[in-house]
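Reader: Before I accept the labels given to this model, I would like to hear how each of them was reached. Could you take me through the reasoning?

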Amino acid sequence: MNGRERVNAALNFEKPDRVPVYPLIHFASARVIGMKVKDFAANGKKMAKALIAAYREYGYDGVHPGVDVSIEGEAVGSKLRQPEDATAFLIDPVLKNPDDLDKLKVPDPLKDGRMPVVVEATKICSKEIGREAFISAWVMGPLNCASQMRGVEQLMLDTADRPEFVNRLLRFCVEVITEYGSALIDSGATMVNMGEALCSPNFISPKMYREMIVPHQKQLVKNLMKHGAEYTLLHICGDIHPIMEDAITTGAKLIDIDWQVDIKRMIKQIDRKIAARGNLNPAGNLLLGTPDDVMKEAEKIIKDAKGWEGLILGSGCDVARDTPPDNLKALVRASMEYS
């Protein structure tokens with residue numbers, strides 16, 4: 001099997017030749033060719049070059065066109081700061097007054113902000129390696145998207161003080177992400193990944209997630225699938241056992257599981273309703289350990305999921321920029337040895 005076939009098999013609970021390996025990796029790809037984060041994030045051709053080089057160097061099964069959590073917010077009008085060799089971050093949210101929500105316009109993914117950068121990278125990756133590798137591009141989910149227009153702290157206050165405004169903002173975010181995700185699908189993405197770190201039980205309550213956020217995630221998944229996405233992924237950081245059943249109802253086909261999630265317990269919770277990817281600690285053995293440490297952690301994950309075909313081996317969250325190359329290669333080696 002090639003990488004695309006291997007990931008497809010796991011997503012459909014068919015037995016692959018070995019456990020697919022598909023770490024959540026963006027900026028660490030740039031290290032393979034000595035590229036700065038700023039260059040990776042600002043140029044579609046350079047992004048694609050880094051992603052393809054890392055895919056070939058490390059031997060995992062797919063690539064992730066995408067940049068940072070602020071891409072939708074920036075395209076709408078928020079201001080960012082982009083360091084030379086680190087992730088961009090929000091410095092001036094566009095939506096300072098709730099009354100200004102109706103003035104915001106859905107951006108054009110082919111023209112506005114850095115959306116065209118990721119669209120171009122997706123198109124190049126699909127053309128060059130799409131027959132052999134799985135291509136899944138990143139968008140932010142509704143809550144993350146809203147936080148980059150309003151600011152994280154203010155948005156959290158709004159959930160208590162202005163819940164109707166938050167719902168209107170989330171609906172607008174679904175429109176924005178639908179347009180952007182549709183452009184990524186048109187460019188060759190087989191799967192659209194929704195980053196929703198703020199939905200973690202470490203951040204908001206399961207009740208708030210269930211009642212305020214899930215309906216918008218469902219609508220977004222429905223929109224993307226209607227446009228032609230073969231699959232969607234939901235990424236929520238931390239221990240998501242308290243919201244696992246709610247996350248399944250979104251309709252996503254794959255869920256990321258962070259290192260705090262117990263594999264055996266997870267399998268009992270989700271059965272074969274959704275596939276799962278993870279869950280090595282990206283700030284633990286992957287970044288700071290040895291290849292042997294990575295092999296041992298990966299072996300435990302594979303053994304804990306034995307007999308459950310929906311596992312994709314990867315990092316619980318984004319692979320750190322300076323993760324040692326030999327540790328990433330060890331992930332693939334572990335799949336070959338222990339599957």
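Author: What follows is a set of questions and answers on a predicted model, taking the sheet, the helices, the core and some backbone angles in turn.

Reader: What makes β1 and β9 the edge strands of the sheet?

Author: The sheet is open and has seven strands, in the order β1-β4-β5-β6-β7-β8-β9 with parallel pairing. Strands β1 (62–63) and β9 (311–315) each pair on one side only, and they are therefore its edges, given that two strands pair if there are at least two bridges between them.

Reader: How do you know that β7 is paired with β6 and with β8?

Author: Pairing asks for at least two bridges, and three bridges join β6 (residues 231–235) to β7 (residues 254–257), the two strands running parallel. Within this pairing L234 stands opposite I255, and H235 has D256 as its bridge partner. Four bridges join β7 to β8, again with parallel strands, and here D256 stands opposite R277. Both counts reach the cut-off, so both pairings hold.

Reader: What makes β7 a strand with both faces covered?

Author: In a regular strand the side chains alternate between the two faces of the sheet. In β7, L254 and D256 on one side and I255 and I257 on the other are all buried. As for β9, five of its five residues are buried, and the strand is described as mostly covered; five bridges join β8 to β9, which run parallel, with A276 opposite L311.

Reader: Which helices lie across the sheet strands, and at what angles?

Author: Helix α1 (residues 3–11) lies across β4 (134–140), β6, β7, β8 (275–280) and β9, and it runs at about 65° to β4. Helix α9 (residues 206–227) lies across β5 (191–195) and β6, running at about 155° to β6.

Reader: How do you know that the span of α9 agrees with its number of residues?

Author: At 1.5 Å a residue, the 22 residues of α9 should span 32 Å, and its end C-alpha atoms are 30 Å apart, which agrees. The helix nevertheless bends by about 50° at I213, and a proline, P215, follows within four residues. After α9 comes G228, whose phi is positive, near 130°. For helix α3 (residues 44–58), the 15 residues should span 21 Å, and the end C-alpha atoms are 21 Å apart, which also agrees.

Reader: Which residues of α9 and α3 are buried, and what covers them?

Author: In α9 the buried residues are Y209, M212, I213, V214, H216, Q217, L220, V221 and L224, and they pack against α6 (142–150), α7 (152–161), α8 (163–186), β5, β6 and α10 (244–248). In α3 they are G44, M47, A48, A50, L51, I52, A54, Y55 and Y58, and what covers them includes α2, β1, α5 (115–129) and α14 (325–338).

Reader: Which residues have the most contacts inside the largest nonpolar core?

Author: They are L143, L169, Y209, M266 and L313, in a core of 120 residues. The largest share of this core, 13 residues, comes from α8. Leaving aside neighbours within four places in sequence, L169 is in contact with L95, L101, A146, M149, R150 and L155.

Reader: Why is T190 called buried?

Author: The relative accessible area of T190 is 4%, and buried means under 20%, so the label applies. T190 has its place in the loop between α8 and β5, where it touches R4, F134, I135, A229, E230 and Y231, not counting residues up to four places away in sequence.

Reader: Why is F13 called buried, whereas D271 is called partly exposed?

Author: F13 has a relative accessible area of 16%, which is under 20%, and so it counts as buried. D271, at 43%, falls between 20% and 50% and therefore counts as partly exposed. F13 is found in the loop between α1 and α2 (37–42), and D271 in the loop between α11 (263–270) and β8.

Reader: What makes the backbone worth checking at these places?

Author: Most residues other than glycine have a negative phi, and most peptide bonds are trans. Phi is positive at F13, near 55°, and at D271, near 50°. The peptide bond from G278 to N279 is cis, with omega near -10°, and N279 lies in strand β8.

Conventions: Residues numbered from 1 in each chain as written. Predicted model: local features only at pLDDT ≥ 70, side-chain atom pairs only at ≥ 80, totals over all residues. Heavy atoms only, no water. Contact = heavy atoms within 4.5 Å. Axes fitted to C-alpha atoms, helices over the stretch in contact; angles between N-to-C directions. Expected span 1.5 Å × (residues − 1). Bend = angle between axes of the 7 residues up to and from the residue. Buried < 20%, exposed > 50% of the residue type's maximum accessible area, 1.4 Å probe, protein only. Core = buried A, V, L, I, M, F, W, Y, C linked by side-chain atoms within 4.5 Å.
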